[in-house]
Amino acid sequence: MFGDEQKTGGSGGSDGQSTARKIFRFSWVIVIIAALVVAGIFYSRWQQEKDYEAKIAEQKREQARKIAESFGGANFEILNFYASPGAIQRGDTVQICYGVSNAKTVDITPRLPEATWVSLNRCIPVEPRKTTTYTLTTVNDKGEKKSATLTVEVQ
């Protein structure tokens, strides 16, 4: 009888250890699932914010395009394209400003640090490292193109 109790007690200990191992493994699975759920929530919110910002930017572009069309009448033209100031010291900032009417797209090369869109008057800060010639190209709904150039002198 005494020997039976020892056998039962000994085998009960190994069952307890295997149960503890199962619980430990199961708890890691729960932690991993919880971490994935939390990561999914953060990613979802980040994506929503990114989509919202893109939608707002598109609305701003569309509103600027409509205003430009309404002020420009039926004429497709470049209203202005200039740099202020026209000459700078290396490391200084210059404003590249443009305005177009009745355009569908606007592009400035070399690329500026901010996106361009149809606007009656918009300025973008730029820090050229050397004397640079910028070209504004605009296209209307009919596919007609107009271009203008300006040079920023860097001393």
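Buried means under 20% relative accessible area, exposed means over 50%, and partly exposed lies in between. Keep these cut-offs at hand. The model is predicted.

**Exercise 1. Find the disulfide and describe its handedness.**

Solution.
Step 1. Apply the distance cut-off: two cysteine sulfur atoms within 2.5 Å.
Step 2. Cys-97 and Cys-123 pass, with an S to S distance of 2.0 Å.
Step 3. The count comes to one disulfide.
Step 4. Take the torsion about the S-S bond of Cys-97 and Cys-123. It is about 110 degrees, so the disulfide is right-handed.
Step 5. Place the two ends. Cys-97 sits in strand 3 (residues 94-101) and Cys-123 in strand 5 (residues 122-126). They are 26 residues apart, and the pair links distant parts of the chain.

**Exercise 2. Classify each cysteine of the disulfide: buried, partly exposed or exposed?**

Solution.
Step 1. Cys-97 has 2% relative accessibility, so Cys-97 counts as buried.
Step 2. Cys-123 has 34% relative accessibility, so Cys-123 counts as partly exposed.
Step 3. Put the two together. The bond joins a buried Cys-97 to a partly exposed Cys-123.

**Exercise 3. Locate the salt bridge of Arg-61 and classify both partners.**

Solution.
Step 1. Recall the principle: side chains of opposite charge can pair when their charged atoms come close.
Step 2. Apply the cut-off: a side-chain nitrogen of Lys or Arg within 4 Å of a carboxyl oxygen of Asp or Glu.
Step 3. Arg-61 and Glu-58 meet this at 3.4 Å, N to O.
Step 4. Both residues lie in helix 1 (residues 2-72). They are three residues apart, about one turn of the helix.
Step 5. Arg-61 has a relative accessible area of 27%, so Arg-61 is partly exposed. Glu-58 is also partly exposed, at 43%.

**Exercise 4. How many salt bridges are there, and which pairs join Arg-61 and Glu-58 on the list?**

Solution.
Step 1. The count comes to three salt bridges.
Step 2. Arg-111 and Asp-107 form one of them, at 2.4 Å, N to O.
Step 3. Arg-122 and Glu-114 form another, with their closest N and O atoms 3.1 Å apart.

**Exercise 5. Classify the arginines and acids in these two pairs.**

Solution.
Step 1. Arg-111 has 65% relative accessibility, so Arg-111 counts as exposed.
Step 2. Its partner Asp-107 is partly exposed, at 26%.
Step 3. Arg-122 has a relative accessible area of 12%, so Arg-122 is buried.
Step 4. Glu-114, the partner of Arg-122, is partly exposed at 37%.

Terms used. Residues are numbered from 1 along each chain as its sequence is written. This is a predicted model: local features need pLDDT of at least 70, side-chain atom pairs count only at pLDDT 80 or more; totals for chains, interfaces and linings use all residues. Side-chain values use heavy atoms; hydrogens and water are left out. Helices (H or I, at least four residues) and strands (E, at least two) are DSSP runs, numbered from the N terminus. Buried means under 20% relative accessible area, exposed over 50%, partly exposed in between (1.4 Å probe, protein chains only).
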